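Please work through the exercises below with the sequence and the 3D structure open beside you. Try each task on your own before you read its solution.

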Amino acid sequence: MKRIAKSWQITAFVAVLLLVITACSSPGSDDATTTVAPGTTAPEEPGSTEAPTDTEGPTDTTVASGEPIHIGLIAPLTGPFSVVSEDLIAGWEMYWEDRGSTIVAGREIIWHAADDANDPATGITQANGLVSQQNVSMIVGPVTTAVGSAVAEEMNRQGIPVFTPVLSDDNVTQRSPLEGVVRIAGWTASQVTHVAGAWAADQGYETAATICFDLQFGYEHCGGFANTFTDGGGDVTLQLWHPIGVEDFATFVSQLSDANPDVVFVGNSGPDAVRFVQAWADFGLKDQIPLIATETTLDQTSLRGLSAEAADGLISVGHWAEGWDAPAAAAFTQAYLEREGQMPSYFAPAMYIAADWIAQAIEALDGDVSDTQALVDQIRAITLENTPFGTQSLDDRDHTNQFVHIRQVEVRDDGLLWNVPIETYEDVSQFWTYDPEEYLAQPAYSREYQGLDWP
Amino acid sequence: MTFPRRALPLTGLTAILAAAIALPYMTDRFIVSVMTLALIFALLALSINLLGYAGLASLGHAGIMAVSAYALAVTALETDAGLIVQALVGLGFGLLAAVIFGLLSMRTSGVYFLMATLALGMVVWGLTIRLTSVTGGENGLRGLERPSFAEPYWGLYYLVLGVLVACLAALWVITKSPFGLALKGLRDNEARIQMLGYNPAFIKIYAFALSGIFAGLAGILYAYYNRFVSPSTAGFLTSGKAVLMVILGGIGTLAGPVIGAVIITFVENVVSLSTARWPTVLGLLYIVSVLFARDGIAGLGRTVWARVSSTGPSRGNGAGLNTPAEVRRE
């Protein structure tokens with residue numbers, strides 16, 4: 001018994017000692033205040049950061065006179081969306097390479113990529129890591145809405161702005177705006193599909209059937225189309241919804257065929273998009289019923305996996321068209337092709353423009369990004385001309401008005417498929433031609449509400 | 001006077017606890033956040049482990065966690081209820097979900113039990129995606145509040161640590177109790193337990209209910225951590241990850257799930273800063289553990305400890321480390 005008592009004493013002593021040490025100081029080196037001034041906490045020496053993966057900018061000849069500015073890039077580097085991240089990072093890096101230097105207003109720009117694995121909790125943890133360990137002053141990304149909302153809210157609490165050139169959920173800048181989120185070079189689902197519906201009605205189509213993901217993403221893409229198509233006098237006779245991961249589209253395609261509409265609109269992405277387009281061709285419907293696809297269905301991430309027979313000639317709508325002959329777009333596409341060996345999907349130019357936007361804002365602020373509000377205001381004040389997306393400026397809800405193209409897939413001489421615009425709409429807002437207040441008074445697009453009877 | 005080996009595990013535990021308490025003073029926000037996440041998952045892993053004592057491997061526990069997280073979120077956003085009521089509602093719904101899971105799977109065992117729980121977990125996932133008006137669909141529900149003392153990151157850490165320690169104590173009592181022995185008996189031989197007068201179905205449901213309380217607590221803390229709930233909480237990937245934490249750490253031990261949770265969470269969040277190949281690191285870890293540490297890391301620790309100490313393996317003491325082999329000998 002005596003021996004055990006002795007070890008109890010030792011145990012108790014150790015425990016008390018540790019507790020006394022901790023009780024005499026306060027925890028943590030930073031706190032959850034909303035006026036954290038990034039850049040004023042002890043930043044690392046330029047060039048000596050433990051940069052994750054190989055995301056440091058190229059070395060250049062200009063000497064940096066101030067401390068570096070750290071930018072966090074959050075994207076799904078692993079998981080089903082990882083192919084998107086490759087384009088995303090490539091587009092971002094291309095900007096800095098083209099610029100020739102990562103030094104802006106005397107401060108070196110250092111970016112750190114973090115993997116959110118398409119999971120909100122991981123996104124939050126990584127964002128916190130970027131802020132506390134890498135001292136980032138701003139976050140660019142993420143890709144999906146669930147992760148985006150979670151990260152944005154957390155970052156807002158710490159006074160870090162979040163720029164989302166890719167996240168396309170309607171309501172982030174409409175009915176459920178996120179504080180501190182600015183959608184530079186961004187787009188929304190219905191922003192582009194409103195155009196598709198209007199164009200389809202203009203073509204004289206009278207009936208349409210739609211098929212979209214059975215998720216918010218799909219409701220918004222199909223909703224945009226259905227809304228403007230019915231405005232133009234058309235009638236949506238059938239709306240199909242499919243879950244993610246459909247292996248065989250036979251039943252869906254046959255239902256569409258039976259409905260025999262004048263035109264079919266499809267809104268999905270990823271492997272499902274590829275499988276649908278393939279099935280559409282395999283079942284012979286490509287030559288029977290006109291198809292209009294949303295941007296992500298026939299984006300380069302899908303086209304790379306499709307055959308010329310299945311995709312050639314298909315119409316889609318999008319704010320990016322890699323075959324656009326505007327000088328900035330054509331130059332970007334060519335440069336990307338040389339660098340990466342494939343055509344750019346919209347993620348690449350979006351990040352390229354975002355980088356330009358941010359660089360110009362930092363330049364205008366003379367390198368002082370310590371005031372978050374000033375940075376965001378400066379971002380809002382910028383208009384970019386001659387970007388791969390065309391002229392870019394923000395509306396008063398922190399979203400970008402875009403050029404929207406009706407595109408057609410063509411086969412190039414080198415055998416690659418690309419989207420070439422056949423008609424272009426300029427300065428398209430997220431509200432189409434509707435009055436924003438009236439539009440927002442309507443419910444968000446959902447399975448039940450597709451704007452068929454409105455306005 | 002030699003330092004009694006028997007009491008070393010207790011000293012070790014106290015030292016670990018002291019270190020855990022001191023963590024926010026020694027590292028930064030990021031590491032503490034990762035540790036908080038790890039301990040929340042440790043709680044989920046422990047809840048799965050409880051059923052593991054009975055030889056039942058559940059692949060749907062993330063569904064229970066999600067039900068309680070969503071119940072808390074909906075209560076928080078739709079009603080004026082205070083934080084305590086929100087937590088109780090969350091816990092209540094988690095318990096209810098666990099009992100339903102138990103009722104629907106109690107006649108199965110082995111692989112069929114795995115499949116039944118997997119299916120039930122996915123049913124929860126499907127409901128979270130589909131009932132958009134209640135759950136917000138795949139966008140989830142955001143804007144949740146934490147208790148004010150848990151507002152700063154280190155406050156939440158201490159809350160989670162406190163809850164985890166309390167749950168570990170509770171689990172230690174449970175596994176040492178007659179009920180705990182009945183659970184192990186269920187794993188060893190269900191027919192014999194029945195002949196001894198126990199009702200296997202009742203034991204399973206009761207175990208599920210207890211397990212549901214711990215999973216529910218994990219769900220509530222997870223909702224506090226993210227201030228947000230989304231369907232990915234209920235998905236198979238979360239359930240699967242939690243089961244892997246238990247296996248990696250050591251089934252049928254109390255320390256195992258905690259060790260497994262800490263390792264996997266740290267690899268996911270800290271190793272991922274250095275390389276995009278972190279899933280490969282995890283995979284290699286699993287392979288190595290299956291090949292060389294069948295009883296998980298806790299089991300490995302016990303074997304090493306047994307070899308190192310010349311007095312042979314120490315019996316069940318305050319540490320509560322009991323491998324299945326030990327139990328059979330007792």
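The exercises that follow concern a predicted model, and each is solved step by step.

**Exercise 1. Describe the surroundings of strand S9 (residues 263-267) of chain A, and name the strands with which S9(A) pairs.**

Step 1. Begin with burial, for which a residue needs 20 or more other C-beta atoms within 10 Å of its own. By this count five of the five residues of S9(A) are buried, and the strand is mostly covered.

Step 2. Next, look at the directions of the side chains. In a regular strand the side chains alternate between the two faces of the sheet. In S9(A), A:Val263, A:Phe265 and A:Gly267 point one way, whereas A:Val264 and A:Val266 point the other way, and all of them are buried.

Step 3. Now find the partners. Strand S7 (residues 207-213) of chain A pairs with S9(A) in the parallel sense over five bridges, and within this pairing A:Val263 of S9(A) is the bridge partner of A:Ala208. Strand S10 (residues 291-293) of chain A also pairs with S9(A) in the parallel sense, here over three bridges, and A:Ala293 in S10(A) is the bridge partner of A:Val266.

Step 4. Finally, follow the chain through helix H8 (residues 270-282) of chain A, which makes a right-handed β-α-β unit together with S9(A) and S10(A).

**Exercise 2. Give the order of the six strands in the open sheet of chain A, and explain why one side of strand S2 (103-104) and of strand S6 (181-182) is left without a neighbour in the sheet.**

Step 1. Reading across the sheet, the order is S2-S3-S1-S4-S5-S6, and the pairing is mixed.

Step 2. S2(A) and S6(A) stand at the edges and have a single partner strand each, so one side of each lacks a neighbour in the sheet.

Step 3. Take the edge at S2(A) as an example: two bridges join S2(A) to strand S3 (residues 107-115) of chain A, and these strands run antiparallel. Here A:Val104 stands opposite A:Arg107 in S3(A).

**Exercise 3. Decide how helix H4 (residues 83-105) and helix H5 (residues 110-130) of chain B are oriented to each other, and list the residues that make the contact.**

Step 1. The two helices pack at an angle of about 140 degrees, and their axes are 10 Å apart.

Step 2. Angles over 145 degrees would count as roughly antiparallel, and H4(B) and H5(B) are therefore oblique to each other. Their crossing is right-handed.

Step 3. The contact is made on the H4(B) side by B:Phe101, B:Leu104 and B:Ser105, and on the H5(B) side by B:Phe113, B:Ala116, B:Thr117 and B:Leu120.

**Exercise 4. Is B:Ala234 buried or exposed, and with which residues is B:Ala234 in contact when its neighbours within four places in sequence are left aside?**

Step 1. Locate B:Ala234 in the loop between strand S2 (228-229) and helix H11 (236-249) of chain B.

Step 2. There are 31 other C-beta atoms within 10 Å of B:Ala234, which means that this residue is buried.

Step 3. With those sequence neighbours left aside, the contacts of B:Ala234 are with B:Ala62, B:Gly63, B:Ala66, B:Gly121, B:Val124, B:Trp125 and B:Thr128.

**Exercise 5. Examine the backbone at A:Pro142, A:Pro455, A:Ala185 and A:Asp427, and describe where each residue lies.**

Step 1. Keep the usual case in mind: most residues other than glycine have a negative phi, and most peptide bonds are trans.

Step 2. A cis peptide bond with omega of about -20 degrees joins A:Gly141 and A:Pro142, and A:Pro142 lies in the loop between strand S4 (136-140) and helix H4 (145-157) of chain A. The peptide bond from A:Trp454 to A:Pro455 is likewise cis, with omega near -5 degrees, and A:Pro455 is found in the segment after helix H14 (436-441) of chain A.

Step 3. A:Ala185 is not a glycine, yet its phi is positive, at about 55 degrees. The residue sits in the loop between S6 and helix H5 (189-202) of chain A, and A:Ala185 is buried because 27 other C-beta atoms lie within 10 Å.

Step 4. A:Asp427 also has a positive phi, near 50 degrees, but A:Asp427 is found in strand S14 (residues 417-428) of chain A. A:Asp427 has 11 C-beta neighbours inside 10 Å and therefore counts as exposed.

Technical notes: Residues are numbered from 1 along each chain as its sequence is written. Chains are lettered from A and ligands numbered from 1 in the order in which they are written. This is a predicted model: local features need pLDDT of at least 70, side-chain atom pairs count only at pLDDT 80 or more; totals for chains, interfaces and linings use all residues. A residue is buried if 20 or more other C-beta atoms lie within 10 Å of its own, exposed if 12 or fewer, and partly exposed in between; C-beta atoms are placed from the backbone. Helices (H or I, at least four residues) and strands (E, at least two) are DSSP runs, numbered from the N terminus. Two strands pair if DSSP finds at least two bridges between them. A crossover is right-handed if, with the strands pointing away from the viewer, the path from the first strand over the helix to the second runs clockwise. Axes are lines fitted to C-alpha atoms, for helices over the stretch in contact, and angles run from 0 to 180 degrees between N-to-C directions. Angles under 35 degrees count as roughly parallel, over 145 as roughly antiparallel, 65 to 115 as roughly perpendicular and the rest as oblique. A crossing is left-handed if the near helix is turned anticlockwise from the far one by less than a right angle, and right-handed if clockwise. Two residues are in contact if their C-beta atoms, placed from the backbone, lie within 7 Å.
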